[in-house]
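Reader: I would like a close look at a single part of this protein, taken slowly and with its surroundings included. Please begin from one buried ring and work outward from there.

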Amino acid sequence: SILKINYKKEKMKKWLIPVIIILVLGFIGYKMTAGVNNTAVELEENVKASWANVESAYQRRTDLIPNLVNTVKGAADFEKSTLTDVIEARAKATSVNINADNLDSASLQKFQEAQSGLSSALSKLMVSVERYPQLTATQNFRNLQSQLEGTENRINVERNRFNDNVREYNTYIRKFPNNIFAGMFGFERMTPFEAQAGAENAPTVEF
């Protein structure tokens, strides 16, 4: 009987050890895949949150423009074509919206072109305004100028943060073995902001 018991124990060991190994490997595999997925989700959400801040900064600039236009209109002989360019550029910029779930290269390029057009129109406006000292001396104009300067700085800060978060996300999903699991879960590379041709920094309004 003792021989039978020993035989049963040996037989149990033969199938129990492989089962334990399989369970351990399965647990390790689950932890790895779950860890990659959860971290990628967290980094992706960081990118989306930073994009919302980028949009908010640009929206702040857009909201200031009507007051700026109305203030500048007070100069009787101010160049109407310059104001028209700003108004049209603002309309174009506000018509381009990007869903945070669709931050692809084509969408970002379209958004950036529209915002760059508005930056250019604002720069020309501010240069023209310098020829009207009676306008630039008003408190209302100085306040608007200060707010625009602050908004441009905020835009640049938020764009840089967005790019940092995109870079961190892209680096994570491209690392081995993360790239294997990231592909399985549908995580794809995101596109950062890129400087316009001939420019090293984000477009700014020159005051």
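Author: The ring to begin from is that of Phe162, which is buried, with a relative accessible area of 0%. It should be said at once that this is a predicted model, and what follows is a reading of that model.

The partner to consider beside Phe162 is Trp51, which is likewise buried, at a relative accessible area of 1%. A pair of aromatic rings is described by the distance of the centres and the angle of the planes. For Trp51 and Phe162 the centres are 5.5 Å apart and the planes make an angle of 55°, so that the pair counts as tilted, given that only planes over 60 degrees apart count as edge-to-face and those under 30 as stacked. Because Trp51 belongs to helix H1 and Phe162 to helix H5, this pair ties together parts that lie 111 residues apart in sequence. The structure has 6 aromatic pairs, and ring pairs link Trp51 and Phe162 with Tyr58, Phe111 and Phe193 into a cluster. One ring of that cluster, Phe193, also has a charge over it, since the charged end of Arg159 sits 4.1 Å from the centre of the ring.

Stepping back from the rings, one comes to the largest nonpolar core, which has 25 residues, and among those with the most contacts inside it are Trp51, Phe111, Phe162 and Phe193, along with Val47, Tyr169 and Ile173. The elements that give two or more residues to this core are H1 (2–72), H3 (105–129), H5 (139–174) and H6, and the largest share, 8 residues, comes from H1. A second core of 22 residues is separate from this one, and includes Phe78, Leu83, Leu144 and Leu148.

Ile173 leads from the core toward helix H6. Leaving aside residues up to four places away in sequence, Ile173 touches Ala40, Asn178, Asn179, Ala182, Phe187, Glu188 and Arg189. Within H6, which spans residues 178–185, Asn178, Phe181 and Ala182 are buried. These three cover an arc of only 105° around the axis, which puts them on the same side of the helix. On the other side of H6, Gly183 and Met184 are exposed, and just after the helix Gly186 takes a positive phi of about 85°.

Returning to helix H5, one finds charged side chains to consider as well, in a structure that holds 6 salt bridges. Arg154 forms a salt bridge with Glu158, with the closest N and O atoms 3.0 Å apart, and because the two are 4 residues apart in H5, about one helical turn separates them. Glu158 also meets Arg161 in a salt bridge, at 3.5 Å from N to O, and these two lie 3 residues apart in the helix, again about one turn. Glu158 itself counts as buried at 7% relative accessibility, whereas Arg154 is partly exposed at 40% and Arg161 is partly exposed at 45%.

Helix H1 offers a further case, in which the side chains of Lys48 and Glu45 meet in a salt bridge of 3.8 Å, N to O. Lys48 counts as buried at 18% relative accessibility, because the limit for that word is under 20%, while Glu45 is partly exposed at 41%. Salt bridges that share partners join Glu45 and Lys48 with Asp101 into one network.

Methods: Residues are numbered from 1 along each chain as its sequence is written. This is a predicted model: local features need pLDDT of at least 70, side-chain atom pairs count only at pLDDT 80 or more; totals for chains, interfaces and linings use all residues. Side-chain values use heavy atoms; hydrogens and water are left out. Buried means under 20% relative accessible area, exposed over 50%, partly exposed in between (1.4 Å probe, protein chains only). The arc is that of the directions from the helix axis to the C-beta atoms. A nonpolar core is a set of buried Ala, Val, Leu, Ile, Met, Phe, Trp, Tyr and Cys residues joined through side-chain atoms within 4.5 Å. Contact means heavy atoms within 4.5 Å. Rings of Phe, Tyr and Trp (its six-membered ring) pair if their centres lie within 6.5 Å; planes under 30 degrees apart count as stacked, over 60 as edge-to-face and the rest as tilted. A charge sits over a ring if NZ of Lys or CZ of Arg is within 6 Å of the ring centre and within 35 degrees of the ring normal. A salt bridge is a side-chain nitrogen of Lys or Arg within 4 Å of a carboxyl oxygen of Asp or Glu.
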